[in-house]
Amino acid sequence: VDASGNNTGGDSITLLFDTDATDVIGPSVFNVSATPNPFSPNSDGKNDLATITFGLSEVCDTVLLTFFGPDDTSVSRVADTLLFKNLTAGVNNVAWDGKNDSGVIQSEGNYIFTVRAFDARGNSGEAFGSIRLDVTIPKIFNVNIGVTPFSPNSAWIAFGRAVGGSK
């Protein structure tokens, strides 16, 4: 009975659950992220792999990660697809090396990726993420090197020999 005296028959809750026989609900994919972002697969040992992290609401027979891009002009272009089998419910981490199926590093730019998960009955769920791939090698410029001798230890030593001074 509510405050106005109406009898609602009590609160009702509808529960949906999956069993092998009645599984019609696809898995939820959630908390999708990529680190480091950006990453630089240039084989220097720093940030060469990106870790894609995502949650799954149930055990999934197949999970596809598909990367699109780079950038807005070619989002329809598939850059790479990764296939994973039998991932567990909860948090999962997978790696992307920035390469396509032929082993070629993809172009620099922003990529959108989908995480699409399939359960044993073929039901699916998906979520999206983004990552920046950076392949530009840093350059150092405007460095001036003078010929003036210096003495880092204040001993008036230049190139291994004493040069005038009182020390």
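Two strands count as paired if DSSP finds at least two bridges between them. With that in hand, look at T53, which stands opposite N93 in β5. What you have in front of you is a predicted model. This briefing walks through its open sheet, its nonpolar core, its aromatic rings and a few unusual backbone spots.

**The open sheet**

- Which order do the strands of the open sheet follow? This sheet has 3 strands in the order β1-β2-β5, and their pairing is antiparallel.
- The edges belong to β1 and β5, each with a single partner strand, so one side of each is left without a neighbour in the sheet.
- On average, neighbouring strands of this sheet are turned by 20° against each other, direction ignored.
- β2 and β5 run antiparallel and are joined by 7 bridges. You can find one facing position here by looking for T53, with N93 of β5 opposite.

**Two buried residues to find in the edge strands**

- A34 sits in strand β1. Buried or exposed? A34 counts as buried, because its relative accessibility is 11% and the cut-off for buried is under 20%.
- Leaving out residues up to four places away in sequence, A34 touches T51, I52, F113, S130 and I131.
- A34 and A95 are 61 residues apart in sequence, while their C-alpha atoms are 9.3 Å apart in space.
- N92 belongs to strand β5. With 7% relative accessibility, N92 counts as buried.
- What does the side chain of N92 reach? It reaches the backbone oxygen of G90, at 3.1 Å.
- N92 also touches I52, T53, F54, L56 and L87, again not counting residues up to four places away in sequence.

**The nonpolar core**

- The largest nonpolar core has 23 residues. Those that touch the most other members are I52, F54, L56, V63, L65, W96 and I131.
- Which strands supply at least two residues each to this core? They are β1 (29-35), β2 (50-56), β3 (60-68), β4 (78-87), β5 (90-96), β6 (109-118) and β7 (124-133).
- W96 is a good residue to click on, with a relative accessibility of 0%, so it counts as buried.
- Setting aside neighbours within four places in sequence, the contacts of W96 are F39, D48, L49, A50, F67, D80, L82, Q106, Y111, I131 and L133.

**Aromatic rings**

- How many aromatic pairs are there? The count comes to 4.
- One of them is F67 with W96, a stacked pair at 3.8 Å centre to centre with 15° between the planes. F67 is in strand β3 and W96 in strand β5, so this pair ties together parts that are 29 residues apart in sequence.
- F67 is buried, with a relative accessible area of 0%.
- F67 also pairs with F113, and this pair is tilted, with 5.4 Å centre to centre and 40° between the planes. This pair links distant parts of the chain, with F67 in strand β3 and F113 in strand β6, 46 residues apart.
- F113 is buried as well, at a relative accessible area of 0%.
- Which residues form the aromatic cluster? F39, F67, W96, Y111 and F113 form one cluster.

**Unusual backbone spots**

- The loop between β1 and β2 is worth a visit. P36 has its place there, and the peptide bond from T35 to P36 is cis, with omega near -10°.
- P38 lies in the loop between β1 and β2 too. The bond joining N37 and P38 is a cis peptide bond, with omega about 15°.
- N47 is found in the loop between β1 and β2. N47 is not a glycine, yet its phi is positive, at about 55°.
- How accessible is N47? It is partly exposed, with a relative accessible area of 43%.
- For another positive phi, go to N86 in strand β4. Phi of N86 is near 55°, in a residue other than glycine.
- N86 counts as exposed, because its relative accessibility is 56% and exposed means over 50%.

Key:
Residues are numbered from 1 along each chain as its sequence is written. This is a predicted model: local features need pLDDT of at least 70, side-chain atom pairs count only at pLDDT 80 or more; totals for chains, interfaces and linings use all residues. Side-chain values use heavy atoms; hydrogens and water are left out. A nonpolar core is a set of buried Ala, Val, Leu, Ile, Met, Phe, Trp, Tyr and Cys residues joined through side-chain atoms within 4.5 Å. Buried means under 20% relative accessible area, exposed over 50%, partly exposed in between (1.4 Å probe, protein chains only). Helices (H or I, at least four residues) and strands (E, at least two) are DSSP runs, numbered from the N terminus. Contact means heavy atoms within 4.5 Å. A polar contact is a pair of N or O atoms within 3.5 Å; within protein, one must be able to donate a hydrogen and the other to accept it, and residues adjacent in sequence count only if both atoms are side-chain atoms. Rings of Phe, Tyr and Trp (its six-membered ring) pair if their centres lie within 6.5 Å; planes under 30 degrees apart count as stacked, over 60 as edge-to-face and the rest as tilted. Axes are lines fitted to C-alpha atoms, for helices over the stretch in contact, and angles run from 0 to 180 degrees between N-to-C directions.
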